[in-house]
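Work through the exercises below with the coordinates open. Each task is followed by a solution in steps.

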Amino acid sequence: MTVSNSSLQILAADEVLAQFKALRSRQPVKYWAFYSSQLGGVVTDPALMVIPFDDHIVHRGHGIFDTAGLVDGKIYDLEAHLDRFLLSAERSKLRLPGSREEIRDIIVKTTAVSGQRDGSIRYWLSSGPGSLELSPAAGAEPGFFVMVFAGLSYPERWYTEGLRVMTTTYPIKAPLYAITKATNYLPNVLMQMEAKEAGFDNGVFIDAVGHVGESSNMNVAFVTADAVLAHPKFDHILSGCTSLRLLELAHVLRDQGVLKGIEIRDIPVADARASREMLLLGSSVKVAPIVQWDAQVIGDGRPGPIARALLRLLEEDMRKGDRLIDVPY
């Protein structure tokens, strides 16, 4: 909305809250519970789910995050996500607000407050508010935030028909930033926008020597012509918790003779384009088949059997596996 200087208002606290409520009423948000260490508790009204404008995570992107799935009243694979969260904190020189056990407890209890049994749990760590300088403010306390929300969703056709991806024109992140789950996702955002503007569903990074990297917020993997599941090395891309788990679950398919092998290696673009199947992997998308990369059709241009088999294994693991944490509702 455009306003003139003469119409600017100085708002009182109750007017600010009313404006926040009006904003949220116009948005189709499904945010159910939000914990803030700065508030010292949980709020369930989306209008109150805010952090200070001068928090370093806002104006400098100095923050990290991670996301765990909530399935049928249980949190899936939280320990693996916390492992990555703590590594990202160390790489980002962020001080933790408490022990790992305390952080884990806050995540579980915030989920219980939400009352929801299915969705996603995203949590952030920042160096805190206090100035607009490049370095964190002196004496700033780290901010820890937890959000229980509906999760990200993708079109059903991604699974029934497959996705189309393009090679992005944007350069891949430097390894330090790629392996850190930081909040600065500008290259990822630009890649996704570029792909959609060009009529594709997503993009793929290629590194400087012509090896496959990752997608916008997901990993990619391939099934070779001789039935080997191949995944790019994790030294210059994010260690996707879903990818790592699927590489373990895929041993079932290898033992059944469906796969000949499982490899984590550098994958040249030419080899990748000649693959039998191409897969998009992530905690929200799970396993989605890619049927076209630029002008190249992957395999026979239809979702393949390995994609379907891996999706079944993952969904079973998310409901009945040994990586589930009960939520005390």
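**Exercise 1. Classify Asn188 as buried or exposed, and list its contacts.**

Step 1. Asn188 has a relative accessibility of 6%, so the residue counts as buried. The classes are buried for under 20% relative accessible area, exposed for over 50% and partly exposed in between, with a 1.4 Å probe and protein chains only. The model is predicted: local features need pLDDT of at least 70, side-chain atom pairs count only at pLDDT 80 or more, and totals for chains, interfaces and linings use all residues. Residues are numbered from 1 along each chain as its sequence is written, and side-chain values use heavy atoms, with hydrogens and water left out.

Step 2. Asn188 belongs to helix α7, residues 186–197. Helices (H or I, at least four residues) and strands (E, at least two) are DSSP runs numbered from the N terminus.

Step 3. Leaving out residues up to four places away in sequence, Asn188 touches Lys173, Phe205 and Ser216; contact means heavy atoms within 4.5 Å.

Step 4. With Ser216 there is also a specific atom pair: the Asn188 side chain reaches the backbone oxygen of Ser216 at 2.6 Å.

**Exercise 2. Which residue meets Arg84 in a salt bridge, and is Arg84 buried or exposed?**

Step 1. Place Arg84 in helix α3, which spans residues 78–91. Its relative accessibility is 11%, so Arg84 counts as buried.

Step 2. Beyond residues up to four places away in sequence, Arg84 touches Asp66, Lys181, Leu238, Ser239, Gly240 and Cys241.

Step 3. Test the contacts for charge pairing. Side chains of opposite charge can pair when their charged atoms come close. The side chains of Arg84 and Asp66 meet in a salt bridge at 2.7 Å, N to O. The pair links distant parts of the chain, with Arg84 in helix α3 and Asp66 in strand β3 (residues 63–71), 18 residues apart. A salt bridge needs a side-chain nitrogen of Lys or Arg within 4 Å of a carboxyl oxygen of Asp or Glu.

Step 4. Check the partner: Asp66 is buried, as is Arg84.

**Exercise 3. How many salt bridges does a search of the whole structure find? Describe the pairs Lys74–Asp326 and Asp322–Arg245.**

Step 1. The search finds 19 salt bridges.

Step 2. Lys74 and Asp326 meet through their side chains at 3.5 Å, N to O. Lys74 is in strand β4 (residues 74–76) and Asp326 in strand β16 (residues 324–326), so this salt bridge ties together parts that are 252 residues apart in sequence. Lys74 is partly exposed at 27% relative accessible area, and Asp326 is exposed at 53%.

Step 3. In the pair of Asp322 and Arg245, the closest N and O atoms are 3.6 Å apart. Asp322 sits in the loop between α11 (305–320) and β16, and Arg245 in helix α8 (residues 241–249), so the pair ties together parts 77 residues apart in sequence.

Step 4. Compare accessibility within this pair. Asp322 is exposed at 66%, whereas Arg245 is buried at 10%.

Step 5. Extend from the pair to its network. Salt bridges link Asp77, Arg245, Glu248, Asp317, Asp322 and Arg323.

**Exercise 4. Which element gives the most to the lining of the largest cavity?**

Step 1. The search of the whole structure finds one cavity of 30 Å³ or more, and the volume of the largest cavity is about 30 Å³. On a 1 Å grid over the protein atoms alone, a cavity is a set of points where a 1.4 Å probe fits but cannot get out; lining residues have an atom within 4 Å of a point. Grid points are joined across faces, edges and corners, and a volume is the space filled by probe spheres set on the points.

Step 2. The lining consists of Arg276, Glu277, Met278, Pro289, Ile290, Val291, Ile298, Arg302, Pro303 and Gly304. Elements giving two or more residues to it are β13 (277–282) and β14 (286–293).

Step 3. The answer is β14, with three residues.

Technical notes:
A polar contact is a pair of N or O atoms within 3.5 Å; within protein, one must be able to donate a hydrogen and the other to accept it, and residues adjacent in sequence count only if both atoms are side-chain atoms. On a 1 Å grid over the protein atoms alone, a cavity is a set of points where a 1.4 Å probe fits but cannot get out, and a pocket is an open set with protein on both sides within 12 Å along at least five of seven lines; lining residues have an atom within 4 Å of a point.
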